Amino acid sequence: MNNGQQAIIAVNVGSSSIKFALYPFRGATTGAALLTGTIAGLEPDGQPCVAFSTDDGVNLSETLAPGPGDSFERALAAMRALLARYAAPARLMAVAHRIVHGGERYAESVVLDEAAMAYLRTLEPLAPLHQPHNLEGVELFMRAFPELPQVGCFDTSFHTTMDPLEQRFALPQAMHREGVRRYGFHGLSYRYLAARLAERSGRSGRKVLMAHLGNGASVCAMHCGVSVATSMGFSALDGLMMGSRCGALDPGVLLHLMRQGWDADRIEKLLYRQSGLLGVSGLSADMRTLRASDQPEARTAIDLFTHRLVRECGALTACLGGLDLLAFTGGIGEHDAALRLAACEQLLYLGVRIDTGRNKAADGSQIMAIHADDSSVEIWVVPTDEGRVAAGDAAALLAHMQI
Ligand SMILES: Nc1ncnc2c1ncn2[C@@H]1O[C@H](COP(=O)(O)OP(=O)(O)O)[C@@H](O)[C@H]1O
Ligand SMILES: CC(=O)OP(=O)(O)O
Ligand SMILES: [Mg+2]
């Protein structure tokens, strides 16, 4: 990094990790990251660890030091300390934040002010694993760099192109008008994939499914480069089974629990923190731990995760009316070749033929095609970079503000 180089910090507070990076600011665009850091293992049963590297050759990998506060608070403080030390030579221009819920108000990224923050706080109950931490991150940077624009980049924005029918729940009109509808999430990740696939595949504008399989997981159906349907809904609970979230669930189960005396907090904890891979296995929300286990419940959890993915891919392919390209991303989608193989074998009926050698070789370090030569559907593994999309939006806003 050169002294005085203009740069943008990007912060992505996920449900199990905090990812941050520093990108050069070049007019209205950004380039490759100057430094990147991940603090992972922040899920309920996780072991927090820090990985950090810079383009000047600094490489750190260590467990997060114990101390006061919960693991997210300590992770935010650790990120702040790393940036204070290693981003100091740069001239910081803005901080770009991934914020999962933009509600009905934000179809695009915006510079955050107090009014925006007050609105975003009202959405906290819709994404309790994310939104409070996202906004805590913004507040931390507002205090640390009061002179810098803080830019909010929303997961939900990408899905505002969905057809009104796709956004609609079969509930009374008044509820729809109040904003009870399908929003969809992981939008920054899907935008990143759309851009990379457009560079590499002639089919990126056709019927595309993108599966973001991380601690949170969703599938997005994209046509002509825009989102037409997605598995997540009003909150980041719907659709696929996830690390500790249940995914789609018959609402009758909730009525049953309420009649047994469960209150909202207890139900929220069950659905967001005690279900999914963690709940089914009784062991862990981390796919690597389940892969390493020989307990039958771990196998059941992986099989159910795969089954739910295959089921959702079928539903979204129906929305598209066919399939030309399938892409995997997120921690599991990028690294778990066995999961990709199992899912693709069950999607053979759609013309999805995976090449086992290419699949094994795809380790998430770079974008790779993993389909067999005779597959009628292209299959890609694309390492995602939500921070890069957020930094790009901040760069575009900065350029606009300077005109
Ligand atoms: N090599 C791997 N094999 C299988 N799963 C992996 C591997 N590396 C990471 N994962 C899984 O990725 C998930 C975290 O995904 P990630 O996208 O980083 O999370 P977040 O949703 O917090 O952004 C965890 O379940 C983890 O087990
Ligand atoms: C929306 C969501 O679930 O995000 P993440 O995968 O980062 O937890
Ligand atoms: Mg994530």
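Which helix gives the most to the shell around ligand 1? Keep that in mind while the whole of this predicted model is in view, and return to the ligand once the overall layout is clear.

**The whole chain**

Start with a cartoon of the entire protein, in which 15 helices and 15 strands can be traced. The radius of gyration is 21 Å, close to the 22 Å that the globule rule gives for 403 residues, so the protein is as compact as a globular protein of that length. Turned onto its principal axes, the set of C-alpha atoms fills a box of roughly 55 × 55 × 45 Å. If you colour by burial, buried residues will account for 48% of the 403 residues. A contact map adds a further view: among contacts between residues at least 6 apart in sequence, 64% join residues at least 24 apart.

**The two domains**

Next, select 6–161 and 202–381 in two colours, since the domain assignment gives these ranges as domain 1 and domain 2 respectively. Their centres, taken over C-alpha atoms, are separated by 25 Å. Where the two colours meet, 16 residues of domain 1 are in contact with 18 residues of domain 2. On the domain 1 side of this meeting, the residues divide into seven nonpolar, seven polar and two charged.

**Ligand 1**

Now select ligand 1 together with its surroundings, a shell of 16 residues in which Gly14, Gly214, Asn215, Gly331 and His335 come nearest. Because domain 1 and domain 2 both give residues to this shell, ligand 1 lies between them. Highlight α10 (287–292) and α12 (330–335), each of which supplies at least two residues of the shell. The opening question is settled here: α12 gives the most, with four residues. Coloured by residue class, the shell around ligand 1 shows two nonpolar, 11 polar and three charged residues.

**Ligand 2**

Move on to ligand 2, whose surroundings are Gly14, Ser15, Val100, His130, Asp155, Phe185, His186, Gly214, Asn215, Gly216 and Ala236. Here too the two domains take part, with at least three residues of the shell drawn from each of domain 1 (6–161) and domain 2 (202–381). By class, the shell around ligand 2 divides into three nonpolar, seven polar and one charged.

**Asp155**

From the residues around ligand 2, pick out Asp155, the position at which an unreviewed UniProt entry places the feature "active site". Follow the backbone and you will find Asp155 in the loop between β9 (150–154) and α4 (164–167). Is Asp155 buried or exposed? It counts as buried, because 29 C-beta neighbours lie inside 10 Å, where 20 or more are required. Leaving aside neighbours within four places in sequence, display the contacts of Asp155, which are Arg98, Val100, Phe185, His186, Gly187 and Leu188. Of these, Val100, Phe185 and His186 are also among the residues that surround ligand 2.

**Glu124**

For the last stop, select Glu124, in the loop between α2 (114–121) and α3 (131–144). With 15 other C-beta atoms within 10 Å, Glu124 is partly exposed. Show Gln131 and Pro132 as well, since Glu124 touches both of them when residues up to four places away in sequence are not counted. A distance drawn from Glu124 to Leu135, C-alpha to C-alpha, should read 9.1 Å, for two residues that are 11 apart in sequence.

Terms used:
Residues are numbered from 1 along each chain as its sequence is written. Chains are lettered from A and ligands numbered from 1 in the order in which they are written. This is a predicted model: local features need pLDDT of at least 70, side-chain atom pairs count only at pLDDT 80 or more; totals for chains, interfaces and linings use all residues. A residue is near a molecule or strand if its C-beta atom, placed from the backbone, lies within 6 Å of it. Ala, Val, Leu, Ile, Met, Phe, Trp, Tyr, Cys and Pro count as nonpolar, Asp, Glu, Lys and Arg as charged, and the others, Gly among them, as polar. Domain bounds come from an automatic or database domain assignment. The radius of gyration is taken over C-alpha atoms; the globule rule is 2.2 Å times the number of residues to the power 0.38. A residue is buried if 20 or more other C-beta atoms lie within 10 Å of its own, exposed if 12 or fewer, and partly exposed in between; C-beta atoms are placed from the backbone. Two residues are in contact if their C-beta atoms, placed from the backbone, lie within 7 Å. UniProt positions are given in the numbering used here, feature names are shortened, and annotations may be inferred rather than shown by experiment.
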